[in-house]
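Let us take a walk through this model together. Keep the viewer open and turn to each part as it comes up.

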Amino acid sequence: MKGEYQITETLDVKGLSCPMPIVKTKQAIDPLDAGSVLEVVSTDSGSMSDIKGWADGTGGVELLEQSEDTEGGDAVYKHYVKKTE
Amino acid sequence: MSTDTPTADGTDAALTARIEALESEIADLKADAGDKQKQMTIVATKGSFDMAYPPLILASTAAAFGWDVVVFHTFWGLDILHEEKSKNLKLSAVGNPSMPMPNALAALPGMDSLATRMMEKRIEENGTATIEELIDLSLETGVDLQACQMTIELMDYDEDDFYDGVTTGVGAATALNHMADSDVQLLI
């Protein structure tokens, strides 16, 4: 799916744990225009389930993709959230 | 047999009108239900370090969902909103089966402070927010943190002792009203 959308902004929440990745995501996406895509980079393994749950339960946002990478031996979770309205 | 006059095609005019009225009522109710923002009420009654976290984490997360959230703090739960006391909440070492020490040892002076310091260190290492950060975040994201007026007086606290933005002058009836309208109600 990568390449089908442009990332508008990246939010780095590495090192933060629940509920911070969700709360910061919400705060970061609010001021963006409809159609924007926010990339959220987290080291919290719970963020895979939590960002999905948040996006499913919240109006006006759509989770485009989630991926798991490693950076310097640490797991990094990336989430791509689109603001739809 | 109905005594109403049937229309030309054999249907009952009064019945048809009634069905139309009900259909439009259902459509209105569906629209209302769809528009309604979810609501949550949490009653926070405990003032120990570990019990301050669940209400604040759930409240700030629910606010991120766009929910309308009230946390009603009563009895020792008031200490979470108390600017000075919230910074000194303690984890109890006694009567906690998850603590790696026997109760006889846990009851010794200074053990609660030791257990709290250990937990604070773990929290910092884990990147978990502090209680103060979660309170600021909750207030910033529109959570209504309420301090029960009766227990403020019972505990001999002053309204100025609480964080700016905390709602005072509220009681059980206010909490119940919000609970009755809430989708989620929790007692912590």
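A good place to begin is strand β3 of chain B, which is joined by 2 bridges to strand β4 (residues 167–170) of chain B, the two running parallel. This is a predicted model, so please read every value below as computed from its atoms. Within the β3(B)–β4(B) pairing, Gln146(B) has Thr167(B) in β4(B) as its bridge partner. To get from β3(B) to β4(B), the chain passes through helix α7 (residues 149–154) of chain B, and the resulting β-α-β crossover is right-handed.

Strand β3(B) also pairs with β2(B): 4 bridges join them, and these strands run parallel. Here Val71(B) stands opposite Leu145(B) of β3(B). How many of the 5 residues in β3(B) are buried? The number is 4, so the strand is mostly covered, given that buried means under 20% relative accessible area.

Val71(B) leads us on to the nonpolar interior. The largest nonpolar core has 41 residues, and Val71(B) is among those with the most contacts inside it, together with Ile80(B), Ile131(B) and Phe162(B). Which elements feed this core? At least two residues each come from α1 (20–29) of chain A and, in chain B, from β1 (39–44), α2, β2 (68–73), α3 (78–81), α5 (111–126), α6 (131–140) and β3 (144–148). Helix α2(B) supplies the largest share of this core, with 8 residues.

Phe162(B) deserves a look of its own. Setting aside neighbours within four places in sequence, Phe162(B) is in contact with Leu78(B), Leu81(B), His82(B), Glu83(B), Ala147(B), Ile152(B), Tyr157(B) and Thr168(B). There is also a second, separate core, made of 15 residues, which includes Val40(A), Val61(A), Val81(A) and Phe65(B).

Now for the aromatic rings. Over all chains, the structure holds 5 aromatic pairs. One of them is formed by Phe49(B) and Tyr53(B), with 5.7 Å centre to centre and 65 degrees between the planes. That pair counts as edge-to-face because its interplanar angle is over 60 degrees. Both residues sit in helix α2 (residues 49–64) of chain B, 4 residues apart, which is about one turn of the helix. Are these two rings buried or exposed? Phe49(B) is buried, because its relative accessible area is 6%, and Tyr53(B) is buried too, at 9%.

Another pair brings together Phe65(B) and Trp67(B), at 5.8 Å centre to centre and with 55 degrees between the planes, an arrangement that is tilted. Trp67(B) counts as partly exposed, because its relative accessibility is 22%.

Let us turn to chain A. Its elements comprise 2 helices and 4 strands, and from the N terminus on they run β-α-β-α-β-β. The radius of gyration of chain A is 12 Å, close to the 12 Å that the globule rule gives for 85 residues, so this chain is as compact as a globular protein of that length. Along its principal axes, the C-alpha trace of chain A spans about 35 × 30 × 20 Å. Of the 85 residues in chain A, 46% are buried. Among contacts in chain A with a separation of 6 or more, 64% are between residues 24 or more positions apart.

The backbone of the model has a few points worth checking by eye. In chain A, a cis peptide bond joins Cys18(A) and Pro19(A), with omega about 5 degrees. Pro19(A) is placed in the loop between β1 (9–13) and α1 of chain A.

In chain B, two residues can be picked out by their phi angles. Phe75(B) has a phi near 45 degrees, a positive value in a residue other than glycine, and its place is in the loop between β2 and α3 of chain B. Phe75(B) is partly exposed, because its relative accessible area is 32%. Asp156(B) is not a glycine either, yet has a positive phi of about 60 degrees. Where does Asp156(B) lie? Asp156(B) is in the loop between α7 and β4 of chain B. Its relative accessibility is 68%, so Asp156(B) counts as exposed.

Terms used: Residues numbered from 1 in each chain as written. Chains lettered and ligands numbered in written order. Predicted model: local features only at pLDDT ≥ 70, side-chain atom pairs only at ≥ 80, totals over all residues. Heavy atoms only, no water. Phe/Tyr/Trp six-rings, centres within 6.5 Å; stacked < 30°, edge-to-face > 60°. Buried < 20%, exposed > 50% of the residue type's maximum accessible area, 1.4 Å probe, protein only. Core = buried A, V, L, I, M, F, W, Y, C linked by side-chain atoms within 4.5 Å. Contact = heavy atoms within 4.5 Å. Pairing = 2+ DSSP bridges. Right-handed = clockwise from strand over helix to strand, strands pointing away. Rg over C-alpha atoms; globule rule 2.2 N^0.38 Å.
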